Amino acid sequence: MTAMAVCAMKLLISAFAVGLLLLSASIVHGDVHYHDFVLKEKNYTRLCSTKSMLVVNDSFPGPTIYVKKGDTLYVNVYNQGSYGITIHWHGVKQPRNPWFDGTEYVTQCKISPGTNFTYQVLFSEEEGSLWWHAHSEWARYSIHGVIVIHPADGTSYPFPQPDGEKVIVLASWYTEDVYASIAESLAEGRDLLASEAYTINGEPGDFCDCSNETTYRWAVDHGKTYLVRLLNADMNAELFFAIADHNVTIVGSDAAYLKPFSSEFVLISPGQTIDVLLTANQPLGRYYIAARQYYSSMFKYSGYDQTNATAILEYSGNDTSPSTPVFPSGLPPYTDYEAATSFVKSLRNLIHPVDIPMNITTRMFITVSLNQFMLKINDTTEEVYPSASVNNISWYNPWTDVLQAYYRNVSGFYTTDFPDDPPTFFNFTQHNLPMNTTVEPERGTKVKVLEYNEEVEIVFQGTDVMNSSIDHPMHLHGHSFYVLGTGFGIYNNETDPLTFNLVDPPYQNTASVPKDGWLAIRFRANNPGVWLWHCHLDKHFTWGMNAVFIVKNGGTEDTSIRDPPAYMPPCYPDNKLWLKEYSDSDEKLYSTSM
């Protein structure tokens with residue numbers, strides 16, 4: 001960073017720090033809601049061990065927010081923790097309002113300990129279930145919650161009004177210090193932390209040590225129908241979910257309605273929300289609600305009990321059922337890719353006709369890979385560090401956020417040369433690829449610039465570089481997209497487009513690239529701003545499987561980025577981890593401030 005650039009950034013930061021947050025009433029639609037989020041440490045005991053972790057308003061999972069379609073939300077975040085935090089409003093498009101997307105180093109810098117920041121969250125077309133979570137390092141493992149978006153006044157669900165609603169949050173549990181573990185693993189080139197259990201509404205359930213006394217219970221009334229809002233807040237696992245002896249009817253995903261279909265189970269990726277209807281029509285009794293990981297990268301797995309999360313659905317009234325609940329026989333095995341594929345292909349858009357982008361002006365073919373860096377320690381020693389990439393570019397965070405640099409036209413923080421295609425084409429899904437096949441990616445802060453209202457098609461291609469192919473749930477900020485198709489093997493640009501669903505494709509913000517396969521999406525770039533897109537497996541995101549779209553302003557005020565707030569959390573030039581804290585190298589490899 002040159003002295004001139006540093007001075008420019010100091011002026012930029014000063015401009016953002018004048019006064020308090022000024023919120024314009026002219027952009028508010030619907031009802032207005034106000035919430036306080038107080039982040040502070042709290043002790044929790046799970047798996048026979050007590051630990052302290054940062055949570056919102058003393059709750060894990062965090063509080064559920066209730067709004068209606070078109071409402072506006074203000075959330076004042078008070079950071080009483082010991083490290084910086086940002087909060088992202090996952091799936092909320094925030095029209096023309098990237099300043100409050102809450103993505104570290106992309107749209108803002110962290111809310112420092114002892115300070116606060118107010119988010120303005122603008123709801124527009126979303127209706128259903130979304131969520132909020134920390135978007136700084138791995139903080140979201142303990143900082144997350146559901147957003148319930150009810151229909152606007154005078155409208156209703158596209159299905160009969162349910163008798164009740166239930167929020168169910170699936171998440172990860174770690175007994176060790178997550179931040180210390182991740183920082184050390186990054187510095188030493190080790191794989192990142194694996195969860196020790198999954199939780200349902202904060203509890204691991206009966207099949208985990210020291211857990212059956214606190215298993216989560218849900219009481220239902222016989223004959224009633226419930227709208228279940230299901231969130232996968234897990235850090236690194238797609239999950240199968242089922243309720244014993246009860247089918248569910250899937251009706252929505254990512255705050256968009258789906259054509260209803262009945263299923264014994266749900267497959268839900270990290271970052272996704274899925275809405276289902278459950279009718280309590282079984283004999284009075286107790287039934288396990290269960291979740292287990294879908295292991296797309298493994299052929300076998302043992303020790304099932306340690307990774308089954310359970311809760312209990314129990315009917316109100318007297319029953320004579322056995323004391324042990326029934327376990328869901330329809331919960332697929334850990335590696336059942338046929339069940340996973342079948343579920344994904346069953347998702348169909350309820351809206352007709354669907355406004356699918358057809359005048360494609362930008363086509364991108366993007367490989368998603370796990371890689372490695374070779375780091376030279378001295379003349380005779382090299383160390384290997386894991387990494388991840390898109391089109392062989394591994395993202396590197398600048399010390400200020402991209403949005404500030406773009407809006408203020410400050411150079412030196414990013415480049416606009418993210419490629420539309422990978423640097424080389426090879427047999428992407430071949431096992432045992434040669435070690436020189438894009439094993440080491442390029443590191444950079446490369447963005448792709450899109451014209452306003454441009455219609456974009458992306459095909460994500462999974463690769464088996466380093467024999468590491470796995471599902472990659474890809475999430476796009478600021479937009480939802482139509483999932484046109486998915487398949488196994490290498491994408492064929494002549495025959496595979498003939499299989500695209502151009503009638504009723506689901507409208508989502510997160511969808512998975514299958515192991516050794518491809519995913520095709522389309523979206524309209526009608527939201528000016530700076531928007532992150534990334535794999536929602538946090539270890540891959542940490543290693544660099546992400547990039548940024550900059551959507552340029554249109555020709556009017558209503559098609560341009562809103563004015564910035566008077567205050568944004570300030571950025572500082574050296575928040576990154578030096579490897580010399582844990583090794584002999586002076587090189588900065590990962591962008592982390594843990």
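This passage describes a six-stranded sheet, a helix and the aromatic pairs of a predicted model. Residues are numbered from 1 along each chain as its sequence is written, and side-chain values use heavy atoms, with hydrogens and water left out. Because the model is predicted, local features need pLDDT of at least 70 and side-chain atom pairs count only at pLDDT 80 or more, while totals for chains, interfaces and linings use all residues.

Six strands (DSSP runs of E, at least two residues, numbered from the N terminus) form an open sheet in the order 10-9-12-17-14-15, with mixed pairing. Two strands are taken to pair if DSSP finds at least two bridges between them. Strand 10 (197-200) and strand 15 (256-263) are the edge strands, each pairing on one side only. From one strand to the next, the twist averages 25°. Strand 14 (residues 248-253) pairs with strand 15 in the antiparallel sense over five bridges, and serine 253 stands opposite alanine 256 in strand 15.

Helix 3 (residues 337-345; helices are DSSP runs of H or I, at least four residues) has Ala339, Ala340 and Phe343 buried. These residues cover an arc of only 100° around the axis, which puts them on the same side of helix 3; the arc is that of the directions from the helix axis to the C-beta atoms. Buried means under 20% relative accessible area, exposed over 50%, and partly exposed in between (1.4 Å probe, protein chains only). The cover over the buried residues of helix 3 (contact: heavy atoms within 4.5 Å) includes strand 14, strand 15 and strand 17 (273-279). At the N-terminal end of helix 3, aspartate 336 acts as a cap, with a side-chain oxygen 3.3 Å from the backbone nitrogen of glutamate 338.

Rings of Phe, Tyr and Trp (its six-membered ring) pair if their centres lie within 6.5 Å; planes under 30 degrees apart count as stacked, over 60 as edge-to-face and the rest as tilted. The count comes to 40 aromatic pairs. Phenylalanine 37 and tryptophan 132 form a tilted pair, 4.6 Å centre to centre with 50° between the planes. This pair links strand 1 (residues 32-46) to strand 7 (residues 128-134), 95 residues apart. Phenylalanine 37 counts as buried at 1% relative accessibility, and tryptophan 132 counts as buried at 0%. Phenylalanine 207 and phenylalanine 327 form an edge-to-face pair, 5.7 Å centre to centre with 90° between the planes. Phenylalanine 207 is partly exposed at 29% relative accessibility, and phenylalanine 327 is partly exposed at 28%. Phe37 and Trp132 also belong to one aromatic cluster, which includes Trp89, Phe100 and Tyr567.

How values were computed. Axes are lines fitted to C-alpha atoms, for helices over the stretch in contact, and angles run from 0 to 180 degrees between N-to-C directions. A polar contact is a pair of N or O atoms within 3.5 Å; within protein, one must be able to donate a hydrogen and the other to accept it, and residues adjacent in sequence count only if both atoms are side-chain atoms.
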